[in-house]
Amino acid sequence: MTYGCVGWVLTHLSPFLGPKMTDMSVQDQPYEAGMGDYFALMKPRVMSLVIFTALVGLLVAPTPGHPFIGFLAILCIAVGAGASGALNMWWDADIDAKMRRTAKRPIPSGRVQPGEALGIGLALSGFSIVLLWLATNALSAGLLAFTIFFYAVIYSMWLKRATPQNIVIGGAAGAFPPMIGWAVATGSVSIESVLMFALIFMWTPPHFWALALFVKTDYGDADVPMLTETHGRDSTRRHVIAYAVLLAPVALGIGFTSIGGYVYLGVAAVMNAWFLKGCYGIWRRDDAAAEADNYLVERKVFKVSLYYLFLHFGALLVEAALRTTGV
């Protein structure tokens, strides 16, 4: 991808987008990027969650389509997620360079130029949206377009640097994939797809804040208003238990829809009891107790949160298989 063309665009747009476009603390030494560097731009770990939840949304829908169309749809959703990651890394290059956790990302480390990341993000966005529209329907393409816009603009460019509730509202971007998968199969939005969206949306804050409580971050140095930085750890603990309590009825509610069943309800009951118990343990602690055992409870709750989402969506797949076989 040619940097010159994108660089011309950046030069002429920078007066409208402000100093953020031209003041990036990235290394400028010459480096020939490899495929691995460009792939890292697309945040493959996040992409894997997107692919899984979108696939579940597609497979549990009542009107499964042709397998090849389904494959194309999941490919487009994956590419769209990668595009969002590239745009996010382009915009956040300045703060990524200030934080130890992100300083080795492709742009701040100098392996990929900002203009290249922007060009890749825009090109992949257009490709994924148009192909999804042509292969499936306008609704799924529109949802994908809105998801990319929400993550790249609403979250990355606005919320992340403006409010400690950034991870709450921004979590919507990661919650859309099962709704898109459902729309691919049915051409519509239903209570089932809305509840799958709500499950991820409500899960994201306690999942992230449990991690934030034991990971030593430097968001403060980068002027990013994360909750642990702006309101402290005690407030973060209260937020964790509050969202865990609100999450449980959403998770259990899915079991009483057309995509739920006894298997799902059993998994949801066990996982939510486990998760609530852990979050309650976090809420009851203070900094002294947490530091004394090296944040053991917080680490356990974060691990449980990883299993939580996978097992809920996995149970939905089991229910879909049981319905297909008539069991």
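Colleague: How do the residues lining the second largest pocket divide into nonpolar, polar and charged?

Modeller: This is a predicted model. The lining includes Leu59, Val60 and Pro62, along with Ser258 and Arg323. Arg counts as charged. The division is nine nonpolar, two polar and one charged.

Colleague: Which helix gives the largest share of that lining?

Modeller: Leu317, Ala320, Ala321, Arg323 and Thr324 are among the lining residues. The space they help to line is about 200 Å³. Five lining residues come from one helix, the largest share, and that is helix H16 (residues 296-325).

Colleague: How many helices and strands does the protein chain have?

Modeller: Of the 327 residues of the protein chain, 53% count as buried. Contacts with a separation of 6 or more come 76% from residues 24 or more positions apart. As for helices and strands, the counts are 16 and zero.

Colleague: What part of the exposed area do carbon and sulfur atoms supply?

Modeller: The protein chain exposes about 15000 Å². Carbon and sulfur atoms supply 69%.

Colleague: In which helix is confidence lowest?

Modeller: Across the protein chain the mean pLDDT is 86, and 88% of residues reach 70 or more. Helix H14 (residues 262-283) has the highest mean, 97. The lowest, a mean of 37, belongs to helix H1 (residues 3-17).

Colleague: Over which residues does pLDDT stay under 50?

Modeller: Where pLDDT is low, the predicted coordinates should not be read in detail. The stretch in question has 39 contacts beyond four places in sequence in the model. It covers residues 1-29.

Conventions. Residues are numbered from 1 along each chain as its sequence is written. This is a predicted model: local features need pLDDT of at least 70, side-chain atom pairs count only at pLDDT 80 or more; totals for chains, interfaces and linings use all residues. Side-chain values use heavy atoms; hydrogens and water are left out. Helices (H or I, at least four residues) and strands (E, at least two) are DSSP runs, numbered from the N terminus. Buried means under 20% relative accessible area, exposed over 50%, partly exposed in between (1.4 Å probe, protein chains only). Contact means heavy atoms within 4.5 Å. Accessible areas come from the Shrake-Rupley method with a 1.4 Å probe; for residues, only the protein chains shown count as cover. On a 1 Å grid over the protein atoms alone, a cavity is a set of points where a 1.4 Å probe fits but cannot get out, and a pocket is an open set with protein on both sides within 12 Å along at least five of seven lines; lining residues have an atom within 4 Å of a point. Grid points are joined across faces, edges and corners, and a volume is the space filled by probe spheres set on the points. pLDDT is the predictor's confidence in each residue, from 0 to 100.
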